[in-house]
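Visitor: I should like to understand how the descriptions attached to a structure are justified. May we go through them one at a time?

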Amino acid sequence: MPLDVRLKPYEILAEAIRAEIEAAAFYARLLERVKNILLQQKLKFLVFEEKKHRSLLERLYGQRFPERKLELPDRPARSRPAVMLDEKSSILDLFKIALAAEKTAEEFYRQARDAATDEGSQKILSYLARVERSHYFLIKSEIDLLARFPDYYDVEDFHLGHDLVHVGP
């Protein structure tokens, strides 16, 4: 989805900040549904990352637009995958939503970087695009595990080899 060219630079940053807040909240709610310790750690990492992105973007906003009060949009100006978190949604489905959201975020930051006029903003937005890409692959690996081991998220400790017996010397 192309970046809306009608958005002003401060609106693009406000949109990005809103998206980071939503992403952190999504991962925090998902964390509540997961029992697996390793998966919980990865989700905590994602919550931390999204909060860090918010802080970076707020600092950039303050530097670029010191005279303008930050006002987050009520509704997103860009389309994002539906982030529905209800009790009926499977963990696998929720991770698939997160995967699509990370891909959308990466593309948004790349387009915002291309629209930015100053080198500092371009560097930060490029960095954020790369980090969102790394989130994409982290989530993709978890989806692969969830597809192969559907109860992976629901057990506190998950050992792939706990049933193996050592028969060697």
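Guide: The conversation below takes several descriptions in turn and sets each against its criterion. The model is a predicted one.

Visitor: What makes up the protein in terms of helices and strands?

Guide: The protein has 4 helices and 0 strands. Read along the sequence, its pattern is α-α-α-α. Of its 169 residues, 37% count as buried. Among contacts in the protein with a separation of 6 or more, 76% are between residues 24 or more positions apart.

Visitor: How do you know that the span of helix H3 agrees with its number of residues?

Guide: Helix H3 covers residues 91-115, which is 25 residues. The expected span is 1.5 Å times one less than the number of residues, and for helix H3 this gives 36 Å. The end C-alpha atoms are 36 Å apart, so the two values agree.

Visitor: Which parts of the structure cover the buried residues of H3?

Guide: The cover includes helix H1 (9-32), helix H2 (37-64) and helix H4 (119-148). Among the buried residues of H3 are Leu99, Glu102, Glu106, Phe108 and Tyr109.

Visitor: Why are Phe108 and Tyr109 called buried?

Guide: The term buried requires a relative accessible area under 20%. Phe108 has 4%, and is therefore buried. Tyr109 has 1%, so Tyr109 is buried as well.

Visitor: What makes Phe108 and Tyr109 an edge-to-face aromatic pair?

Guide: A pair of aromatic rings is described by the distance of the centres and the angle of the planes. Ring centres must lie within 6.5 Å to pair, and planes over 60 degrees apart count as edge-to-face. For Phe108 and Tyr109 the centres are 5.7 Å apart and the planes stand at 70°, so both conditions are met. The structure holds 5 aromatic pairs.

Visitor: Why is the pair of Tyr136 and Phe137 also called edge-to-face?

Guide: The distance from centre to centre is 5.2 Å and the angle between the planes is 90°. These values satisfy the limits of within 6.5 Å and over 60 degrees, so the pair is edge-to-face.

Visitor: Are Tyr136 and Phe137 buried or partly exposed?

Guide: Tyr136 has a relative accessible area of 17%, which is under 20%, so Tyr136 is buried. Phe137 has 44%, which lies between 20% and 50%, so Phe137 is partly exposed.

Visitor: Which residues form an aromatic cluster?

Guide: Tyr10, Tyr61 and Phe65 form one aromatic cluster.

Visitor: How do you know that Arg68 lies over the face of Tyr10?

Guide: A charge over a ring must be within 6 Å of the ring centre and within 35 degrees of the ring normal. Arg68 is at 3.7 Å from the ring centre of Tyr10, which meets the distance limit, and Arg68 is assigned to the face of this ring.

Visitor: What makes the link between Lys42 and Glu142 a salt bridge?

Guide: The criterion is a side-chain nitrogen of Lys or Arg within 4 Å of a carboxyl oxygen of Asp or Glu. In the pair of Lys42 and Glu142, the closest N and O atoms are 2.5 Å apart, so the criterion is met. Lys42 lies in helix H2 and Glu142 in helix H4, so the pair ties together parts that are 100 residues apart in sequence. Lys42 is partly exposed at 29%, whereas Glu142 is buried at 1%. The structure holds 9 salt bridges.

Visitor: Why are Arg110 and Glu106 said to be separated by about one helical turn?

Guide: Both residues are in helix H3 and they are 4 residues apart, which means a separation of about one helical turn. Arg110 also forms a salt bridge with Glu106, with the closest N and O atoms 2.8 Å apart. Glu106, Arg110 and Arg133 are linked in a network of salt bridges. Arg110 is partly exposed at 25%, and Glu106 is buried at 8%.

Visitor: Why is Asp114 called exposed, and Arg113 partly exposed?

Guide: Asp114 has a relative accessible area of 57%, and exposed means over 50%, so the term applies to Asp114. Arg113 has 23%, which lies between 20% and 50%, so Arg113 is partly exposed. Arg113 and Asp114 form a salt bridge, the closest N and O atoms being 3.0 Å apart.

Definitions and conventions
Residues are numbered from 1 along each chain as its sequence is written. This is a predicted model: local features need pLDDT of at least 70, side-chain atom pairs count only at pLDDT 80 or more; totals for chains, interfaces and linings use all residues. Side-chain values use heavy atoms; hydrogens and water are left out. Helices (H or I, at least four residues) and strands (E, at least two) are DSSP runs, numbered from the N terminus. Buried means under 20% relative accessible area, exposed over 50%, partly exposed in between (1.4 Å probe, protein chains only). Contact means heavy atoms within 4.5 Å. Rings of Phe, Tyr and Trp (its six-membered ring) pair if their centres lie within 6.5 Å; planes under 30 degrees apart count as stacked, over 60 as edge-to-face and the rest as tilted.
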